[in-house]
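This briefing walks through a protein model, taking its strand pairing, its nonpolar cores and its pockets in turn. Please keep the structure open while reading, so that each residue can be found as it is named.

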Amino acid sequence: MGSTSAENTENTENNGSASVGRRDLIRRSAALGLISVPTMSFLSACATGGGGSDEESKAPGGAKSATNPLGVKQGTALEAFIFKGGLGDQYAKDAEADYKSKYKAEVKHTGTQQVGPKLTPRFAGGNPPDVIDNSGADHLDMNKLSTQGQLQDLKALLDAPSLDDASKKISDVIHPSTIEKGKHGDTFDVLYYAFTIYGTWYSQKALDDNGWQYPKTLDEMVKLCGEIKKKGIAPWTYAGKYPYYVHFNLFAQIAKIGGMEGWIAIDNLEPNAWTSNDAVKQVVEHYEELAAKKYFLAGSQGLTHIQSQTAWNKGKAVFIPNGSWVENEAAPTTPKDFGMSVGALFDGSAGDKLPNGTLRAEPSEPYIVSAKGKNPAGGMELLRIMLSKKHAQNFATKVKSLTCVVDATEGMTLSPGLASASKAFKGAGDNIISLQLQEWYPSLTDEKIGGLTGQLLTGELKAADWIKKAQGYADAVAKDDSVKKFKREK
């Protein structure tokens with residue numbers, strides 16, 4: 001789901017710094033079988049009632065106008081529940097201040113890392129907050145909320161005029177993939193506000209100081225890892241407690257080599273989608289080789305995302321799989337001359353379906369509006385405010401990350417990591433990979449397959465067994481009638 005990971009085991013909600021941990025992405029439950037957090041069944045046990053709508057909830061509405069296209073009633077209070085992870089929550093407070101000023105209304109703000117545990121009983125009780133940043137390890141199950149009619153249809157938001165140019169609708173100013181990713185069936189009910197660049201993150205200074213070049217191919221990466229290890233440095237580290245972080249790269253690398261049609265078959269839980277795809281074998285065997293040659297920092301399997309990033313910042317490892325939130329999250333331990341950078345996916349061979357420079361980049365940080373909240377119109381209006389260039393640039397400045405607002409950072413002086421991410425994104429052109437498996441079936445990817453990946457990287461599991469078991473887990477989900485299925489068109 002939204003962004004990002006199981007950080008609440010090491011940070012407290014009241015820590016106001018931007019270093020408060022992150023992320024599940026794309027979105028991204030914790031590997032619940034590996035750590036002690038509430039189970040997904042608990043977190044997703046929301047209200048089981050039927051569909052809901054603005055009319056059903058009898059939410060107060062105001063007169064619609066050019067300046068108030070969503071019909072927010074003056075003076076109507078708004079409640080916002082914001083995930084306070086690696087991005088913090090100040091950017092949301094800034095937008096809330098504009099809402100408060102325009103509508104002369106109070107805004108109740110809660111910043112937390114425990115979205116699911118705190119809101120599950122409120123949805124069940126019929127009194128959810130109006131707008132929610134549903135991210136972090138303990139997020140709500142949006143598939144179930146959508147199926148139950150708990151999520152506001154956001155079509156009115158897409159059709160509303162942009163605050164920057166009334167001649168353009170919101171749908172005209174946000175990246176098209178934001179709309180695709182935010183749909184459950186034909187209904188757009190999730191706004192992924194951030195735009196995350198996933199890939200292999202590294203220190204440009206570390207490469208420059210040693211005369212190394214970022215590799216273009218998997219074979220070049222293996223060769224470079226050997227040179228790095230000779231220097232007494234670990235080539236890689238990763239968040240071993242949450243091994244699904246490795247999937248940010250591993251899954252996308254499969255799609256890059258084998259093509260989107262093959263990956264979409266995996267997204268769609270088709271039979272033999274894992275076992276019949278040669279790219280799966282090539283990529284998983286690559287990780288098996290890295291593990292066999294001990295190219296991962298010793299002890300990485302016991303590290304949280306924060307601990308692995310800190311080790312990376314301290315020069316104990318050169319590469320780490322991550323998303324563009326890492327610059328803000330790791331800021332407290334990042335040296336000033338670190339030169340944080342991100343590289344595109346590696347070529348497998350000349351037969352790759354997608355070219356060099358291909359990048360995984362997709363909407364993240366899911367915002368939802370409660371259909372049965374007291375002020376759904378206000379919830380959508382807050383999102384409209386956040387989608388202005390003013391607040392998109394404020395987000396980039398405060399948390400060093402892009403938003404879904406197209407070209408919002410043009411002309412800005414960007415931080416090193418954000419500048420690198422922006423450059424990689426532009427360099428990729430149309431060769432952008434977006435995956436759905438982790439969004440639709442987080443228990444499958446993060447718990448089940450994540451557990452396999454953890455064993456793969458410690459050498460306890462062979463690539464062939466990883467593939468066979470991953471297919472078995474996917475097949476089990478496909479046959480489970482209690483899990484709602486989604487489908488991508490090829």
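In this predicted model, Y198 of strand 6 (residues 191-203) has R360 as its bridge partner in strand 10. Strand 6 and strand 10 (residues 359-369) pair in the antiparallel sense, and 7 bridges link them. Strand 6 is also mostly covered, since 13 of its 13 residues are buried.

**Further partners of strand 6**

- Strand 8 runs antiparallel to strand 6 and is joined to it by 5 bridges, with G199 standing opposite N322 of strand 8.
- Strand 9 is likewise antiparallel to strand 6, and 4 bridges connect the two; within this pairing W201 stands opposite V342, while S203 has M340 as its bridge partner.
- Strand 11 (residues 402-403) is joined to strand 6 by 2 bridges, again in the antiparallel sense, and here A194 stands opposite T403.

**The two sides of strand 9**

- Strand 9 covers residues 340-343, where M340 and V342 point one way and S341 and G343 point the other way, although all four are buried.
- Strand 9 also has a part in a pocket, as it supplies at least two residues of the lining of the second largest pocket, and V342 and G343 are among the lining residues that lie nearest the centre of that pocket.

**Nonpolar cores**

- The largest nonpolar core holds 57 residues, of which F251, W263, W274, Y287, F319, L437 and W466 touch the most other members.
- Among the elements that each supply at least two residues of this core are helix 10 (218-230), helix 11 (247-258), helix 12 (260-267), strand 8 (317-323) and helix 21 (463-479), whereas the largest share, 7 residues, comes from helix 13.
- Once its neighbours within four places in sequence are left aside, W263 is in contact with F251, I254, A255, W274, L435, Q436, L437 and R488.
- A second core, separate from the largest one, is made up of 48 residues, including L154, Y244, F248 and A392.

**The largest pocket**

- The largest pocket encloses about 470 Å³ of space, and of the 20 residues that line it, D141, Y441, S443, D480 and V483 are the closest to its centre.
- Helix 5 (142-147), helix 20 and helix 21 are the elements that give two or more residues to the lining of the largest pocket, and helix 20 gives the most, with 5 residues.
- Helix 20 and helix 21 thus appear in two settings, for each of them also supplies at least two residues of the largest nonpolar core.
- By residue class, the lining of the largest pocket divides into 9 nonpolar, 5 polar and 6 charged residues.

**The second largest pocket**

- The second largest pocket has a volume of about 350 Å³ and is lined by 15 residues, with Y214, V342, G343, A344 and A424 lying nearest its centre.
- Helix 18 (416-428), like strand 9, supplies at least two residues of the lining of the second largest pocket, and the largest share, 5 residues, comes from helix 18.
- The lining of the second largest pocket divides into 8 nonpolar, 5 polar and 2 charged residues.
- V342 links two of the topics above, as this residue stands opposite W201 in the pairing of strand 6 with strand 9 and is also one of the residues nearest the centre of the second largest pocket.

Methods. Residues numbered from 1 in each chain as written. Predicted model: local features only at pLDDT ≥ 70, side-chain atom pairs only at ≥ 80, totals over all residues. Heavy atoms only, no water. Core = buried A, V, L, I, M, F, W, Y, C linked by side-chain atoms within 4.5 Å. Buried < 20%, exposed > 50% of the residue type's maximum accessible area, 1.4 Å probe, protein only. Contact = heavy atoms within 4.5 Å. Pairing = 2+ DSSP bridges. 1 Å grid on protein atoms, 1.4 Å probe; cavity = no way out; pocket = protein on both sides within 12 Å on 5 of 7 lines; lining within 4 Å. Points joined across faces, edges and corners; volume = space filled by probe spheres on them. Nonpolar A, V, L, I, M, F, W, Y, C, P; charged D, E, K, R; others polar.
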